[in-house]
Amino acid sequence: MSAFLARNTETLLDIAADVIQLLKSSNATVGVAESLTAGGVMVALTSVPGASAAFLGGVVSYATPLKQTLLGVDATLIANEGVIHEEVASQMAEGARRITTHDDAPPTTWGVGTTGVAGPDKQDGKAVGTVYIGIASPTGSKAFGPFNFPGTRERIREATVMEALARLREELIKARQA
């Protein structure tokens, strides 16, 4: 039997519930660092009853300096590439693990980072809808993207939240099978 319920049509809450179930069943935790999604990933995770057993917290680092000071994203990387970049997403995810780890518990197991352009204008030379998602674990971090989500600002943000949680779910399943 699979670790999550197979569905024909998934909602954001379905994916978030799968993520929380997978985290809880492996005694794992997650922290989040969001930019363009402005807390949407955290809202989705905490909409699941019992999320507090696995979701530790996060930060909305909308401003570039916060990505550097709170999350430890490399300033030279940002100066050279801007904040809409795969390595920025990866470093945000690593920062999410770090900032949600506290003295009384083991290190946060997983981190998620989101960065992109929701619009209305392009940023750092990147088109509206360009998104990167970072996922960090104890074995390393990786970035997914660039995604090119179409639609309105809200639609791009919704698509990013759903994609971030779907990618985290895939990584949790892979880790379980390893």
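**Sheet, helix packing and principal pocket of the predicted model**

In the UniProt record, an unreviewed entry, the feature "domain: CinA C-terminal" is placed at residues 15–172. The structure described here is a predicted model, in which the span of residues 15–172 is 41% helix and 22% strand. The C-alpha atoms at the two ends of residues 15–172 are separated by 12 Å.

Strands of a sheet pair through backbone hydrogen bonds, in either a parallel or an antiparallel sense. In the present model, 5 strands are arranged as an open sheet with the order 2-1-3-4-5, and their pairing is mixed. Strand 2 (55–60) and strand 5 (140–148) are the edge strands, each of them pairing on one side only. From one strand to the next, the twist averages 15°. The pairing of strand 4 (residues 130–137) with strand 5 is antiparallel and extends over 7 bridges, and Ser137 is positioned opposite Gly140 of strand 5. Helix 5 (residues 86–99) lies across strand 1 (30–34), strand 2, strand 3 (110–116), strand 4 and strand 5, and its direction makes an angle of about 140° with strand 3.

Several features of the backbone conformation can be assigned to these elements. A cis peptide bond, with omega near 10°, links Gly145 to Pro146, and Pro146 belongs to strand 5, which is an edge strand of the sheet. The peptide bond from Gly119 to Pro120 is likewise cis, with omega near 15°, although Pro120 is located in the loop that connects strand 3 and strand 4. In the loop between helix 1 (12–25) and strand 1, Asn27 adopts a phi near 50°, which is a positive value in a residue other than glycine.

Empty space left among the atoms is revealed by rolling over them a probe the size of a water molecule. The largest pocket of the model has a volume of about 160 Å³. This pocket is lined by 15 residues, of which Ser35, Leu36, Tyr62, Gly116 and Gln123 are the closest to its centre; Gly116 falls within strand 3, which comprises residues 110–116. By residue class, the lining of the largest pocket consists of 7 nonpolar, 5 polar and 3 charged residues.

Note on methods: Residues numbered from 1 in each chain as written. Predicted model: local features only at pLDDT ≥ 70, side-chain atom pairs only at ≥ 80, totals over all residues. Heavy atoms only, no water. 1 Å grid on protein atoms, 1.4 Å probe; cavity = no way out; pocket = protein on both sides within 12 Å on 5 of 7 lines; lining within 4 Å. Points joined across faces, edges and corners; volume = space filled by probe spheres on them. Nonpolar A, V, L, I, M, F, W, Y, C, P; charged D, E, K, R; others polar. Pairing = 2+ DSSP bridges. Helix = DSSP H or I, 4+ residues; strand = E, 2+ residues; numbered from the N terminus. Axes fitted to C-alpha atoms, helices over the stretch in contact; angles between N-to-C directions. Contact = heavy atoms within 4.5 Å. UniProt positions renumbered as here; feature names shortened; annotations may be inferred.
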